[in-house]
Protein chains: 2
Amino acid sequence: MAIHPGTLAVVPQTDEPSSFDAATAVQRTEGGRLVAQLDPGWDVGGGVLNGGYLLSVAARAAVLQSPHPHPVALGASYLRAPAVGPATLTVQSGPSGRTLAHSLVTLADAGGPALTVQVTTATLGHDPSAYSEPMPDVPPVEECFSVAEHRDLAPPGVQVPGLSLRVDTRLDVATAGWAFGQPSEEPVLRAWMRFADGREPDPLALVTFADALPPTSFAMGNMGWAPTVQLQVLVRALPAPGWCLVEARSSEIAGGWVDEDYRIWDSTGRLVAQSRQLARAPRG
Amino acid sequence: MAIHPGTLAVVPQTDEPSSFDAATAVQRTEGGRLVAQLDPGWDVGGGVLNGGYLLSVAARAAVLQSPHPHPVALGASYLRAPAVGPATLTVQSGPSGRTLAHSLVTLADAGGPALTVQVTTATLGHDPSAYSEPMPDVPPVEECFSVAEHRDLAPPGVQVPGLSLRVDTRLDVATAGWAFGQPSEEPVLRAWMRFADGREPDPLALVTFADALPPTSFAMGNMGWAPTVQLQVLVRALPAPGWCLVEARSSEIAGGWVDEDYRIWDSTGRLVAQSRQLARAPRG
């Protein structure tokens with residue numbers, strides 16, 4: 001088990017709303033509609049917004065309309081990439097009970113629906129685990145590789161996206177060979193992750209973290225993008241403050257498709273979220 | 001790598017439609033509505049129908065309304081258990097292109113919506129894999145443990161469900177200790193699987209297989225049921241004829257919730273499907 005570096009980083013704390021909270025804010029208009037401003041700072045390159053970021057916006061809308069405070073399961077179809085700027089959120093409430101509630105959230109821009117999400121909300125606590133998958137052994141955060149601090153290493157044509165300036169991502173060097181021209185034979189990436197402005201993780205943050213690593217095919221030296229088709233995120237517990245460990249791996253790359261399978265542990269080593277997505281595979 | 005037993009089993013082949021095809025058939029009425037007859041034979045006990053079976057019915061409806069022949073990604077919310085008997089299927093078509101199409105399918109009985117599913121359809125082929133997770137090493141099928149043939153071992157009050165008479169399930173004895181009063185400390189089940197009437201696997205079959213093992217908590221000696229809340233299934237390739245190997249494991253059991261994570265390999269050892277669900281955990 002690694003030394004957990006959660007308390008090592010000194011980050012600025014201010015009274016300003018965090019970059020994440022401002023960028024995912026959902027407001028109710030006087031007419032009762034839910035609206036958001038999709039923030040250009042959360043892109044993955046070329047003005048395309050990160051799928052996890054968009055899912056956090058949809059999760060906020062679901063929670064606003066639910067008797068329960070936390071998203072515990074989200075199943076999203078990515079229909080098209082929405083434009084930066086104003087978006088509307090439509091929440092169709094489904095069955096709701098004492099334990100959980102279901103809803104269907106549609107995020108749309110001026111061009112129409114971009115993302116539809118089935119959301120299950122409930123109340124997460126700090127219950128002890130009857131079984132919990134242990135965190136993999138990784139070096140401490142200060143021995144890891146910061147994507148944002150090594151922008152000059154980016155290959156020609158690869159721009160460091162806004163996402164990696166806002167989500168501090170420190171790759172386990174064992175999975176960062178691709179950044180030094182030494183790709184791996186395994187599509188696995190592993191990184192410590194937290195918001196760059198020090199905002200602590202919560203269920204909404206985990207929804208973004210669950211799609212915030214570079215495409216797993218980067219590990220194998222294929223630097224193309226992998227647009228998400230469907231993404232499921234499960235949030236399993238309230239995360240402790242500090243860095244999260246995020247691991248993504250693919251199990252099958254074939255026929256133009258790739259899966260990406262995430263597991264996220266908090267700074268106490270507890271599994272707090274999982275995700276799996278089907279994406280279009282980048283051309284090799 | 002195990003000896004693949006795909007060609008060892010002799011099963012009856014007739015011109016009758018298979019039990020699975022009959023039980024998942026979706027018909028179009030003269031009025032243009034899509035209807036199905038939910039079959040009591042596909043229960044998991046107590047008249048409750050298997051979630052994978054219901055998802056295969058919804059997938060059939062999606063394919064009927066799509067230009068593409070195969071479900072490749074399905075994200076389902078289980079709102080309530082539908083009754084056996086007549087059901088209606090409503091398909092709202094979403095964006096559709098040359099590579100894939102999106103839709104939202106609602107399965108309802110007289111009591112209202114029971115299951116809503118986001119379905120992505122596409123065309124699966126036999127493309128070679130750029131990367132494929134190898135199949136775990138397991139004993140051949142004839143050395144495995146048939147749940148249906150050992151009904152007398154079921155603990156008092158546990159009825160062998162219809163599902164396990166229709167889906168021939170041969171547990172790797174390394175994960176079947178619970179059936180002999182020797183539960184494991186790991187929530188893992190692994191089994192060879194095929195339809196009992198010899199119908200060969202295809203993408204629709206994989207959707208059922210992706211939720212057809214007993215709850216993973218059985219492995220730890222907890223014999224309660226685990227109702228599915230959300231389930232995602234990804235179909236990754238056309239499966240070869242013969243037995244599939246199905247492995248399910250949980251990563252976190254806490255606060256009344258459990259995940260179940262499936263991987264399915266075909267008789268050639270290729271990964272052909274994955275699923276992950278969030279379920280309510282059985283009381284320990």
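Is B:W42 buried or exposed in this predicted model? With a relative accessible area of 0%, B:W42 is buried, and the aromatic partner of this residue, B:F195, also counts as buried, at 2% relative accessibility.

**Aromatic rings**

Over all chains, the structure holds 16 aromatic pairs. In one of them, the ring centres of B:W42 and B:F195 are 6.2 Å apart and the planes stand at 75 degrees, so the pair is classed as edge-to-face. The two residues belong to distant parts of the chain, 153 residues apart: B:W42 lies in the loop between β2 (34-38) and α2 of chain B, while B:F195 belongs to strand β10 (residues 188-195) of chain B. In chain A, ring pairs join A:F20, A:W42, A:Y53, A:F195 and A:F209 into a cluster.

Rings also take part in arrangements with charged side chains. The charged end of A:R280 is placed over the ring of A:W257, at 4.4 Å from the ring centre, and in chain B the residue B:R280 lies over the face of B:W257, with 4.4 Å to the ring centre.

**Nonpolar cores**

The largest nonpolar core has 72 residues, and the members that touch the most other members are B:L55, B:L89, B:V105, B:V117, B:L171, B:L213 and B:I264. Helix α2 (residues 51-64) of chain B supplies the largest share of this core, with eight residues. For B:L89, when neighbours within four places in sequence are left aside, the contacts include B:V26, B:L34, B:V35 and B:A36, as well as B:V57, B:A58 and B:A61, and further B:V105, B:T106 and B:L107. A second, separate core comprises 71 residues, among them A:L189, A:L213, A:A237 and A:V272.

**Cysteines**

A search of the whole structure finds zero disulfides over all chains. For B:C144, the closest cysteine sulfur is that of B:C244, at 14 Å, which is too far for a bond, because a disulfide requires two cysteine sulfur atoms within 2.5 Å. Seen from the other side, B:C244 is in no disulfide either, and the nearest cysteine sulfur to this residue is that of B:C144, 14 Å away. Both cysteines count as buried, B:C144 at 13% relative accessibility and B:C244 at 0%.

The accessibilities of the chain B residues discussed above are gathered here.

| Residue | Relative accessibility | Class |
|---|---|---|
| B:W42 | 0% | buried |
| B:F195 | 2% | buried |
| B:C144 | 13% | buried |
| B:C244 | 0% | buried |

Conventions:
Residues are numbered from 1 along each chain as its sequence is written. Chains are lettered from A and ligands numbered from 1 in the order in which they are written. This is a predicted model: local features need pLDDT of at least 70, side-chain atom pairs count only at pLDDT 80 or more; totals for chains, interfaces and linings use all residues. Side-chain values use heavy atoms; hydrogens and water are left out. Buried means under 20% relative accessible area, exposed over 50%, partly exposed in between (1.4 Å probe, protein chains only). A nonpolar core is a set of buried Ala, Val, Leu, Ile, Met, Phe, Trp, Tyr and Cys residues joined through side-chain atoms within 4.5 Å. Helices (H or I, at least four residues) and strands (E, at least two) are DSSP runs, numbered from the N terminus. Contact means heavy atoms within 4.5 Å. Rings of Phe, Tyr and Trp (its six-membered ring) pair if their centres lie within 6.5 Å; planes under 30 degrees apart count as stacked, over 60 as edge-to-face and the rest as tilted. A charge sits over a ring if NZ of Lys or CZ of Arg is within 6 Å of the ring centre and within 35 degrees of the ring normal.
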